[in-house]
Structures are given as structure tokens and as C-alpha cells.
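Here is a friendly walk through one protein model, meant to be read with the viewer open. Please keep the sequence at hand as well.

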Amino acid sequence: MSTKYYALPKVNEKERSEMIQSIQQDKIFQLKNILSKEVIIGVGRVGAQFTFYHHDWRYFEKSVESLKAFLQNSYIRDEYENELTFEAFWKKVDQFKNGNIYGDEVFSGLVFSNDSP
């Protein structure tokens with residue numbers, strides 16, 4: 001059985017200000033338009049190993065540092081709606097590194113695939 005993980009990039013200060021202003025002014029449709037731009041991204045799944053989805057490298061570059069930076073600036077949750085801190089998530093990644101690595105691409109002991117949920 002596997003568990004899938006997702007990331008929602010955090011909003012910047014300008015977007016946050018626009019959202020607050022929309023709420024304060026009761027402009028719900030404006031708020032809905034802002035929120036509809038947010039994309040929940042399939043990060044990966046854990047089974048026998050942790051496999052990241054690279055999405056053709058659209059959200060982070062092909063490096064562990066870039067992946068970590070992306071995740072540190074995102075909200076992370078599993079498919080059961082449990083939210084995780086970056087630290088708790090990365091601990092899970094470390095738990096599921098093993099010697100039987102397989103996937104589209106492997107570097108720094110991490111497995112990447114273009115498959116996505």
C-alpha cells in the first residue's frame with residue numbers, strides 16, 4: 001500500500017494582501033479568482049521506496065537543493081489530508097530510502113519519475 005503526498009506553494013505577500021483585502025471588502029468572487037490560480041502539485045508517493053514526481057522539472061530544478069527549497073516554501077499534506085511540516089515530510093523520505101532503487105531518474109539517493117497522481 002502506498003501513500004501519496006501533495007504540495008501547495010505558499011502565497012507571496014502581495015497575494016496574501018489581495019486575499020485579505022478581498023475578504024475584508026466581502027469580494028468573494030475576487031477571492032475565488034485568486035485561489036483558483038493556486039495549484040496543488042503531486043509531490044510523490046511512498047511504498048517500498050519514496051518516489052518523487054518531477055513533472056518535467058516545472059516546479060523545481062534537477063537538484064535536491066531546488067527540490068527542498070520548493071518544498072520548504074509549500075504546504076505539504078498526504079492523501080488523507082494530514083498536513084506535515086517540511087521536517088516531518090523529509091524524515092519520511094529518509095525512512096524510505098533503500099538499496100533497491102528504481103525509477104526514471106535517480107540522483108543523490110532520491111528517485112524521480114514523471115508519473116503523477
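Let's begin with one residue in the helical part of the fold. At a relative accessibility of 9%, Ile34 counts as buried, because the cut-off for that class is under 20%. Ile34 belongs to helix 2. Leaving aside residues up to four places away in sequence, Ile34 touches Glu18, Met19 and Ser22. Its C-alpha atom is separated by 9.5 Å from that of Arg16, a residue 18 positions away along the chain. Please bear in mind throughout that this is a predicted model.

## The overall layout

The protein has four helices and seven strands. Following the sequence, their order is β-α-α-β-β-α-β-β-α-β-β. Of the 117 residues in the protein, 34% are buried. If you look at contacts between residues at least 6 apart in sequence, 66% of them join residues at least 24 apart.

## Two helix pairs

Back to the neighbourhood of Ile34. Helix 1 (residues 13-24) packs against helix 2 (residues 28-36) at an angle of about 155°, and their axes are 8 Å apart. That angle makes helix 1 roughly antiparallel to helix 2, since the class covers angles over 145 degrees. The two helices make a left-handed crossing. On the helix 1 side, the contact is made by Glu18, Met19, Ser22 and Ile23, while helix 2 brings in Gln30, Leu31, Ile34 and Leu35.

How do helix 3 and helix 4 cross? The axis of helix 3 comes within 10 Å of the axis of helix 4 (residues 86-95), and the two cross at roughly 140°. Helix 3 and helix 4 are therefore oblique to each other. Their crossing is right-handed. Val64, Leu67, Lys68, Leu71 and Gln72 of helix 3 make this contact with Phe86, Phe89 and Trp90 of helix 4.

## The aromatic side of the story

The structure holds 13 aromatic pairs. Two of them share Phe112, and the table sets out their geometry.

| Pair | Centre to centre | Angle between planes | Class |
|---|---|---|---|
| Phe52 and Phe112 | 5.4 Å | 25° | stacked |
| Phe60 and Phe112 | 6.4 Å | 50° | tilted |

Where do the partners in the stacked pair lie? Phe52 is in strand 3 (residues 50-53) and Phe112 is in strand 7 (residues 110-113), so this pair ties together parts that are 60 residues apart in sequence. Both Phe52 and Phe112 are buried.

In the tilted pair, Phe60 comes from the loop between strand 3 and helix 3 (64-72), while Phe112 again comes from strand 7, so parts 52 residues apart in sequence are tied together. Phe60 is buried, as is Phe112.

These three phenylalanines also appear in one aromatic cluster, formed by Tyr5, Phe50, Phe52, Trp57, Tyr59, Phe60, Phe70, Phe86, Phe89, Trp90 and Phe112. Phe86, Phe89 and Trp90 are the residues through which helix 4 takes part in the contact with helix 3.

A further ring to look at is that of Tyr75, where the charged end of Lys10 sits over the ring, 5.4 Å from its centre.

## Loops to look at

One member of the aromatic cluster, Trp57, has a backbone feature of its own. Trp57 is not a glycine, yet it has a positive phi of about 65°. Trp57 is in the loop between strand 3 and helix 3. With a relative accessibility of 22%, Trp57 counts as partly exposed.

Glu81 also has a positive phi, of about 70°, without being a glycine. Glu81 lies in the loop between strand 4 (74-78) and strand 5 (83-84). Is Glu81 buried or exposed? With a relative accessible area of 54%, Glu81 is exposed, because that class begins over 50%.

Finally, Gln49 is a loop residue that is buried, with a relative accessible area of 4%. Gln49 is found between strand 2 (41-46) and strand 3. Val93 is 44 residues away from Gln49 in sequence, and their C-alpha atoms are 8.3 Å apart in space.

Technical notes: Residues are numbered from 1 along each chain as its sequence is written. This is a predicted model: local features need pLDDT of at least 70, side-chain atom pairs count only at pLDDT 80 or more; totals for chains, interfaces and linings use all residues. Side-chain values use heavy atoms; hydrogens and water are left out. Rings of Phe, Tyr and Trp (its six-membered ring) pair if their centres lie within 6.5 Å; planes under 30 degrees apart count as stacked, over 60 as edge-to-face and the rest as tilted. Buried means under 20% relative accessible area, exposed over 50%, partly exposed in between (1.4 Å probe, protein chains only). A charge sits over a ring if NZ of Lys or CZ of Arg is within 6 Å of the ring centre and within 35 degrees of the ring normal. Axes are lines fitted to C-alpha atoms, for helices over the stretch in contact, and angles run from 0 to 180 degrees between N-to-C directions. Angles under 35 degrees count as roughly parallel, over 145 as roughly antiparallel, 65 to 115 as roughly perpendicular and the rest as oblique. A crossing is left-handed if the near helix is turned anticlockwise from the far one by less than a right angle, and right-handed if clockwise. Contact means heavy atoms within 4.5 Å.
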